[in-house]
Amino acid sequence: ASSLGPPPSPAREAAASTTREAALEQMMTWFTGALMACEIGDIDADADDAATDDETFVALGRSLLHTKSSEVTFAPTVQEMHADLWRLVAESDYLLDGSGGAALFVAPAFTNFEIFDDFSLLVRSGLRYLVSPKIEVHVYHPLARSERLRAPMPTVHIYLDNEDLFADGDGTLASL
């Protein structure tokens, strides 16, 4: 049996791993900036705006704090990207059993943002129907309609909250 692509090599796998790590690091840096941009406790803002900023900060911070797994995909097609995302979900027992947590899915090479929006709508409805109606799906990419959702690369953050969630891990990328 012949292969169409070059055979796997340790050097190629190491390069892909480094690229994956760099993509995750870039997104975590962006998320940190997004948290810092929330104007929590702003005494000059009206009460409704201040409450909204505080709620945004808490919701984003909580979902990031409970991110337990991640996948960086370089899939060339939407179908392959879809398969990669569902594999991540299938491997995320905490989503399937209701115990709660978050999974981060990053697609740095995917540049058709309109199709990514359509993809995310399909994923959101599928997750809410097949996994839990309470699941949250947050979508980010460079051309998102809302400025606060404009991230350096296409990303789907899947989060299922549970009041029994506590922080695990050591806060490093390696713990994702």
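A residue counts as buried when its relative accessible area is under 20%. By that cut-off Thr155 is buried, because its relative accessible area is 0%. I start there since the word comes up throughout this talk. Please keep in mind that what we are looking at is a predicted model.

First, the overall layout. The protein has 176 residues, and 35% of them are buried. Its secondary structure consists of five helices and four strands. Going along the sequence, the order is α-α-β-α-α-β-α-β-β.

Back to Thr155. This residue belongs to strand β4, which covers residues 155–160. Its C-alpha atom lies 9.8 Å from that of Phe110, with the two positions 45 residues apart in sequence.

Gly101 also sits in a strand, in this case β2, residues 101–106. With a relative accessible area of 0%, Gly101 is buried, because the limit is under 20%. From Gly101 to Ile135 the C-alpha separation is 9.9 Å, and the two are 34 residues apart along the chain.

Next, strand β1. Thr67 is part of this strand, which runs over residues 67–72. Is Thr67 buried or exposed? Its relative accessible area is 9%, so Thr67 is buried. What does the side chain of Thr67 contact? There is a polar contact of 2.8 Å to the side chain of His157. The side chain of Thr67 also reaches a backbone atom, the oxygen of Ser63, at 3.0 Å.

Now the helices, beginning with α3. This helix takes in residues 78–90, which is 13 residues. At 1.5 Å a residue the expected span is 18 Å, and the end C-alpha atoms are 18 Å apart, so the two values agree. Which residues of α3 are buried? They are Met81, Asp84, Leu85, Leu88 and Val89. Viewed down the axis of α3, these buried residues fall within an arc of 140 degrees, so they line one face of the helix.

Helix α5 gets the same two checks. For its 18 residues, 1.5 Å a residue gives an expected span of 26 Å; the end C-alpha atoms are 25 Å apart, which agrees. The buried residues in α5 are Phe113, Phe116, Phe119, Ser120, Val123, Gly126 and Leu127. They cover an arc of only 135 degrees around the axis, which means that they lie on the same side of α5. On the other side of α5, Glu114 and Tyr129 are exposed.

Helix α5 comes up again in the pocket. The largest pocket has a volume of about 680 Å³. How many residues line the largest pocket? The lining has 28 residues, and those nearest the centre are Val139, Tyr140, Ser146, Arg148 and Leu149. Which element supplies the largest share of that lining? It is α5, with six residues. At least two lining residues each come from α1 (10–37), α2 (47–65), α5 (113–130) and β3 (136–140). By class, the lining of the largest pocket contains twelve nonpolar, seven polar and nine charged residues.

Two of those helices also hold residues that I want to mention for their accessibility. Met28 is in helix α1. Its relative accessibility is 22%, and partly exposed runs from the 20% limit up to 50%, so Met28 counts as partly exposed. The C-alpha atoms of Met28 and Leu64 are separated by 8.8 Å, and these residues are 36 positions apart along the chain.

Ala59 is in helix α2. Why does Ala59 count as partly exposed? The reason is its relative accessible area of 43%, because that value is neither under 20% nor over 50%. Ala59 and Asp161 are 102 residues apart in sequence, while their C-alpha atoms are 9.8 Å apart in space.

To recap, for this predicted model. Both α3 and α5 have end-to-end distances that agree with the expected span. The buried residues of α3 line one face of that helix, and those of α5 are on the same side of theirs. The largest pocket draws the largest share of its lining from α5. Thr67 is buried and has a polar contact with His157. That is what I have.

Definitions and conventions. Residues are numbered from 1 along each chain as its sequence is written. This is a predicted model: local features need pLDDT of at least 70, side-chain atom pairs count only at pLDDT 80 or more; totals for chains, interfaces and linings use all residues. Side-chain values use heavy atoms; hydrogens and water are left out. Buried means under 20% relative accessible area, exposed over 50%, partly exposed in between (1.4 Å probe, protein chains only). A polar contact is a pair of N or O atoms within 3.5 Å; within protein, one must be able to donate a hydrogen and the other to accept it, and residues adjacent in sequence count only if both atoms are side-chain atoms. On a 1 Å grid over the protein atoms alone, a cavity is a set of points where a 1.4 Å probe fits but cannot get out, and a pocket is an open set with protein on both sides within 12 Å along at least five of seven lines; lining residues have an atom within 4 Å of a point. Grid points are joined across faces, edges and corners, and a volume is the space filled by probe spheres set on the points. Ala, Val, Leu, Ile, Met, Phe, Trp, Tyr, Cys and Pro count as nonpolar, Asp, Glu, Lys and Arg as charged, and the others, Gly among them, as polar. The expected span of a helix is 1.5 Å times one less than its number of residues. The arc is that of the directions from the helix axis to the C-beta atoms.
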